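Subject: Structure handover

Hello,

Here is the structure I said I would pass on. My notes on its salt bridges and one of its pockets follow below.

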Amino acid sequence: MKILHLDTNHPLLINQLNDLGFTNHEDYSSSKEEVESKIHEYDGIVIRSRFTIDKQFLNAAKNLKFIGRVGAGLENIDCDYAEEKGVYLISAPKGNRNAVGEHALGMLLSLFNKLNKADKEVREGKWLREDNRGVELDGKIVGIIGYGNMGKAFAKKLRGFDIDVICYDIKDGVGDEYAKQVTLKEFQERVDVVSLHTPQTALTLNMINKAFINAFAKPFWFINTARGKSVVTNDLAKALQSGKILGAGLDVLEYEKASFENLFKKSDEDMPLAFRFLIEANNVILSPHVAGWTAESKEKLAQTIVDKIKAKFC
């Protein structure tokens, strides 16, 4: 079987597939159209997020048997059409779940203790102790939306704190010893912290909006290490301004991909007001979609893809 690799990954991925007898070709620079013109030659694809694999691409991939995505989700693939054509879909949500759990916890503790604000001020020669008095996580109720691999990993990281952890998920029976599953109504009545761990689907697109935020009984802290397009940024900014949301840790933004860097090339007047507020706010922590990107997760993700290809085709 011939496999085309469209993104760079940990070298073990190609090395181990070579050892298993697969033929591996790498193409990290051709346009989507150029790849489409030759994809009929290949039995498998390994990709991260370079481009979308849509119906047109899948129709050109006449001999395709599998697509391996080195990541947790499959949102850049037309999964229904791929499965209709008999293409086996492989992802690696277990590969970076620990990294995501640690990142979410780090963001939460940094927000509670104003670490980004305090660090900046000390570097500027300011020693403002009272202004940087923090709050403690103990005694709080942490709520997790989406209790799959990522949500469970975050819940496990919270074991050492004297807190209650609850979760909400559209699937029944996902709660465990780390988090009690509750209804959305109970979730919104009780939580002090909301951490989002959902995939990008039609149901989660723009899910965190004004109506959703205002349904919470108490002001809350918000962490998003899931998908940026699940949050309406304008509504998030307004909730931060009003105090309905006390602070936010955002590893993902709706402005990601090709448009993100361009935001900084525009004049201040052209930058979205909500985004300008986020980058200036002391109670907001931002990172560039790296919650799942650690040295360890890079290796785990690649190994997971190899193991699944081996189990299916060897």
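Glu189 and Lys185 sit 4 residues apart in helix α8 (residues 184–190), so about one helical turn separates them. The two form a salt bridge, and their closest N and O atoms are 2.6 Å apart. Glu189 is partly exposed, at 42% relative accessible area, while Lys185 counts as exposed at 57%. Please keep in mind that this is a predicted model.

That pair belongs to a longer list: the count comes to 16 salt bridges. Side chains of opposite charge can pair when their charged atoms come close. Two other pairs join separate parts of the chain.

One of them is Asp43 with Lys65, where the closest N and O atoms are 2.7 Å apart. Asp43 is in the loop between α2 (32–38) and β3 (44–47), and Lys65 is in the loop between α3 (55–60) and β4 (66–69), so this salt bridge ties together parts that are 22 residues apart in sequence. Asp43 has a relative accessibility of 13% and counts as buried because the cut-off is under 20%. Lys65, with 36%, is partly exposed.

The other is Glu75 with Arg227, whose closest N and O atoms are 2.5 Å apart. This pair links distant parts of the chain, 152 residues apart: Glu75 lies in the loop between β4 and α4 (79–84), and Arg227 in the loop between β10 (220–224) and α10 (233–242). Here Glu75 is the partly exposed partner, at 31% relative accessibility, and Arg227 is buried, at 15%.

There is also a network of salt bridges, which links Lys117, Glu121 and Asp131.

Now the pocket. Rolling a probe the size of a water molecule over the atoms shows where empty space is left. The second largest pocket holds about 210 Å³ of space. Its lining is made up of 16 residues, and those nearest the centre are Lys94, Arg97, Asn98, Ala99 and Ala153.

Which helix gives the most to the lining of this pocket? It is α7, with 5 residues. At least two lining residues come from each of α5 (97–112), α7 (149–157) and α13 (295–313). By type, the lining of the second largest pocket divides into 8 charged, 6 polar and 2 nonpolar residues.

Regards

How values were computed:
Residues are numbered from 1 along each chain as its sequence is written. This is a predicted model: local features need pLDDT of at least 70, side-chain atom pairs count only at pLDDT 80 or more; totals for chains, interfaces and linings use all residues. Side-chain values use heavy atoms; hydrogens and water are left out. On a 1 Å grid over the protein atoms alone, a cavity is a set of points where a 1.4 Å probe fits but cannot get out, and a pocket is an open set with protein on both sides within 12 Å along at least five of seven lines; lining residues have an atom within 4 Å of a point. Grid points are joined across faces, edges and corners, and a volume is the space filled by probe spheres set on the points. Ala, Val, Leu, Ile, Met, Phe, Trp, Tyr, Cys and Pro count as nonpolar, Asp, Glu, Lys and Arg as charged, and the others, Gly among them, as polar. A salt bridge is a side-chain nitrogen of Lys or Arg within 4 Å of a carboxyl oxygen of Asp or Glu. Buried means under 20% relative accessible area, exposed over 50%, partly exposed in between (1.4 Å probe, protein chains only).
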